[in-house]
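This report goes through strand pairing, backbone geometry, side-chain contacts and one pocket. The sequence and structure come first.

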Amino acid sequence: MPRGMKSVRPALLVLSTLAVGCGEPTPVPLPSEIFDPQPGHNFRAPTGVVTLRAITDRVVCFTTDGSMPELRDGRCAGATTRAMPADHRITLACGDETSATSIRGIKVTFDWPTTDGTLVQTVSGNFTLDCTRPDGDADGDGVPDGMDNCRTTANPDQRDANMNMIGDACEAMGAPDEDRDGRPDADDNCPHVWNVNQADDDRDGVGNVCDTTPRGPIALPWTNGTLARAFAMWKDEVQCSLNGCRNPSGTGNWSAMCEHGGTVSWNVSLSGLRAISRFTYTNCDNTVSVPVHDWARDPRGTDPMATRMIPLRLTASGSFSQDTDFGGNGTESGMVTLTGDYAGTVISHIAIRDSARGGGYFSVACTADPIAEEMCAPSNLLVNYYFADWRCEPGGCPEAQAPLVDTDMDGVFDDYDNCPTVANPTQANADFDREGDACDAMTTMTDGDRDGIPDAGDNCPMVANPTQQDSDHDGLGDACDMVSDPDTDMDGVTDARDNCPMAANPMQQDADMDGLGDACDPTPRGEPAFSLLRVKAGRCLYDNGGDVRSTTSCDRAARTQQWEVVDVGGGRRAFRNVGTRQCLNAESWVGTIGMAACNTASSSQQWTLERYDQGGFDMAYPLRLHSAAYNFCVYTDGTNNVYASQGNCGLLGTENNRKIGIYPGGDFTATPLQP
C-alpha cells in the first residue's frame, strides 16, 4: 500500500448486508464488572485485596507480576500463572517498593465462548498501593526519625531547652556546624545550608532545602498511550492493504505482504446470522508516523498542542476477531505481541458500530519504547486507553507532579525557601522566624549584650547568655528571668507557654496551628473538609468503587463515605467522593444514579438542595437532592441500592428514603447543611 494512505473506516472491514441475528453469545464481562473494587482503586495502604466477580464459574488464571497468564486445555500453565483461589480474592502487596503511589496490576485469563469459537479472554485491572516505609528510629529512643529533634542520640524526652527544634542531647557547644544553624553537622541532613526544621519530604536523608528532587525522583509520563494511538494507526494502514480499504460483499480470504516483511491475512466467515472476521499478523513489519508530545518545546507537558511527528516501526504477531451482525455492529477482541521500536502487548476490547470503531478500549503493556522523555508503565502493566479520545482509564495512570519552581534561582525551591523571591542559598535566619534574613525587614544584627546572639533572636537581649538557656520555656532566658512558672503536666514546657498544659507534649506539635496542641486537640488536623450524606431511613451514601450505594454502618473515618460538597453556582452542588475522587452522577432519565469521573460543569453531576417538607420538616434531614439534568431525586431502599424514578421527588409514603442531612465532618450531633 502506498505510504500515507488512510482508511475512511479504519480496519473494521465487515459484512454489512443481512439482518441482525438472535441467540447471540453473552458479551465478555468488562474489567469494571469483574474486579471489586474497580480498576483504578487506591487502597492507600501497603496491601490490598481484590475480589473477582462475573467469571467465577469459569477456569480463571491470573498473574500480578506483569506477565501474561496462560490457560491451556482448561488448566493454568506457566511458571508465574496461578489459578483463582476458592474465595475469589487476590491479595496485592508492596514487596520491596517504597513509593507512595505504587501501581499493581492483575491480569486475568479465562474461558468465555464467542460465536467464532474463541474461548480464551484476557482483561486487566490496575490498582494503587501506598508502599511508603514508616519512619525509622536510628537512635532507638522510641521517637521516629521524622519527629525526632535529635536523630543520632537517644533522647526519648525530646527536651529542647532553647526551643530551637534541636534536642538538647545533640546540641553540643563547639561541635562542628558549618551552616551555623545550631544543628551540629553530624545530625544535620543539610550541613551546608541553614535548615533547623530538617524537613525531608521524600525521606532520603537529604533535607528539602538542599535536595535537587525534594519530593523524590520525578516520574516520567507513561508512553503506553502513545503506543495505543500508534498501534491503531498501524493496524488501519496494514489492513487497508488487504481489500483496498473496502468492505467485502461476502465471505472470503485475503492476504498481503507487510511493508518490511511478514504477512497479514483476513478471513471472513459466517456463523449463523453473524459475520466473523479474523485478522492474523505473522511477523508483520510496518512503519507508521504518529504525533507524540514535543518535550523540547514543552518540557513540563502543559501544552497539549506541542506535538511532533515521528515514524514508528512495529512488528506484530497475533490475531484479532470481529464478531458482528450484518449491519456492522458487534465487538472486536484478540491480542498481538509487538517488537521493533516498541516491545509490548496490545489487547482489543473495541465495540464496532456501523463497520467502524464505536468505542471501547485497548489494553496496552510495553517494556521498551523509543521516547526518552517517557517510560513504559512499570512491571509490564496493562493500561486501558479509551477510544476515541485515548484517555487513560480513570485511576489507571498516576497524576503528574506539579513542577517545582525556584523564582529567585538560589538553588532552593520556592516551597522550601524562607525567602522565595530573594536569593538566599544558605537560608540564614538569625531571629528564627518564618522569614530568612535576606527578606526579613525586622532582622537586625545588633547585639546589645555582646553574647554573639543578635537582639532579634536573643531571649535576654540585655544580659549575656550565649547558650540561651530557658528552663521554664517562657521565652525569657534564665539569665534575666526572675520568675519560675509552673509546669502541671511536667513535660518541660511551662503552663504559660504550653498549648496543652494538662497533657504532656514536649514537642508542642500543633498540626492545624489552631493554638491547641495535638495531644489535647479533638481535631488535631482541623475540621475535616468533607461531609457525610445521611438519609433519614438510617443509611449513609458511599462509593463502592464504581457505583453509589448506602449502608447502615455510617463511619466518618471511611473515606468512601466522605464527600466533598462543591458549590457549582446557581444554587447547585456537586458531590465528589474523597476515597475514589469520582462524582455522584445522574446517568439516565429512567433513574439510574451512579459514579463517574468528575465534570462538575455537567448538569448530570449537579444537584439542587431543596427544602423537603413532605411528612413534616425535619431539621436533621432538611433537604432532598434533585437532579439538575432529570426530574428525579436521590432515593435509597433497605437493600443498599441508590436510584430514582422519573418524577419521584414528590412520591408519597417513602419520603424518609429521600430526606437527607449533609453533615460536615460526619458529626451527627451538629446541625446539617440547611437548604
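## Second largest pocket

The model is predicted. Its second largest pocket holds about 860 Å³ of space. The lining is made of 43 residues, and those closest to the pocket centre are V28, Q121, T331, E332 and S333. Several strands give two or more residues each to this lining: β4 (70-72), β9 (120-129), β12 (274-293), β13 (307-324), β14 (330-340), β15 (343-353) and β16 (356-368).

By residue class, the lining of the second largest pocket has 18 polar residues, 16 nonpolar ones and nine charged ones.

## Three-strand sheet and a cis proline

One open sheet consists of three strands in the order β1-β2-β7, paired antiparallel. Its edges are β1 (35-36) and β7 (89-93); each has a single partner strand, so one side of each has no neighbour in the sheet. Two bridges link β1 to strand β2 (residues 47-52) in the antiparallel sense. D36 has T51 of β2 as its bridge partner.

D36 also takes part in an unusual backbone feature. The peptide bond that runs from D36 to P37 is cis, with omega near 5°. P37 is located in the loop between β1 and β2.

## Four-strand sheet

A further open sheet has four strands, ordered β6-β3-β8-β9 and paired antiparallel. The strands at its edges are β6 (82-83) and β9, each of which pairs on one side only. β9 is also among the strands that give two or more residues to the lining of the second largest pocket.

Within the four-strand sheet, strand β3 (residues 60-63) and strand β8 (residues 102-111) are joined by four antiparallel bridges. T63 is the bridge partner of K107 in β8.

## Strands β21, β22, β25 and β26

Strand β21 (residues 563-569) runs antiparallel to β22, and six bridges join the two. Among the bridge partners are V566 with A574 of β22, and W563 with N577 of β22. The β21-β22 hairpin has two residues between its strands, and G570 in this hairpin has a positive phi near 65°.

β22 also pairs with strand β25 (residues 607-611), in the antiparallel sense and over two bridges. R572 has T608 of β25 as its bridge partner, while R573 stands opposite W607 of β25. The pairing continues from β25 to strand β26 (residues 623-627), again antiparallel, over five bridges. L609 stands opposite L625 of β26.

## T580 in the loop after β22

Where does T580 lie? T580 is in the loop between β22 (572-577) and β23 (582-586). The side chain of T580 makes a polar contact with the side chain of D543, at 2.5 Å.

Which residues does T580 touch, leaving aside those up to four places away in sequence? They are D543 and G545. D543 therefore appears both as a residue touched by T580 and as its polar side-chain partner, since a polar contact requires N or O atoms within 3.5 Å and this pair is at 2.5 Å.

## Other backbone features

The peptide bond from F387 to A388 is cis, and its omega is near 20°. A388 is found in the loop between β17 (383-386) and β18 (531-535).

Q158 is not a glycine, yet has a positive phi of about 55°. This residue, Q158, is in the loop between β9 and α2.

## Aromatic pairs

How many aromatic pairs does a search of the whole structure find? The search gives 16. One of them is formed by F231 and W234, with 5.7 Å from centre to centre and 20° between the planes. Why is this pair stacked? Planes under 30 degrees apart count as stacked, and the F231-W234 planes are 20° apart.

Both F231 and W234 belong to helix α2 (residues 224-243). They are three residues apart, which is about one turn of the helix.

Conventions: Residues numbered from 1 in each chain as written. Predicted model: local features only at pLDDT ≥ 70, side-chain atom pairs only at ≥ 80, totals over all residues. Heavy atoms only, no water. 1 Å grid on protein atoms, 1.4 Å probe; cavity = no way out; pocket = protein on both sides within 12 Å on 5 of 7 lines; lining within 4 Å. Points joined across faces, edges and corners; volume = space filled by probe spheres on them. Nonpolar A, V, L, I, M, F, W, Y, C, P; charged D, E, K, R; others polar. Polar contact = N/O pair within 3.5 Å; in protein donor to acceptor, adjacent residues only side chain to side chain. Contact = heavy atoms within 4.5 Å. Pairing = 2+ DSSP bridges. Phe/Tyr/Trp six-rings, centres within 6.5 Å; stacked < 30°, edge-to-face > 60°.
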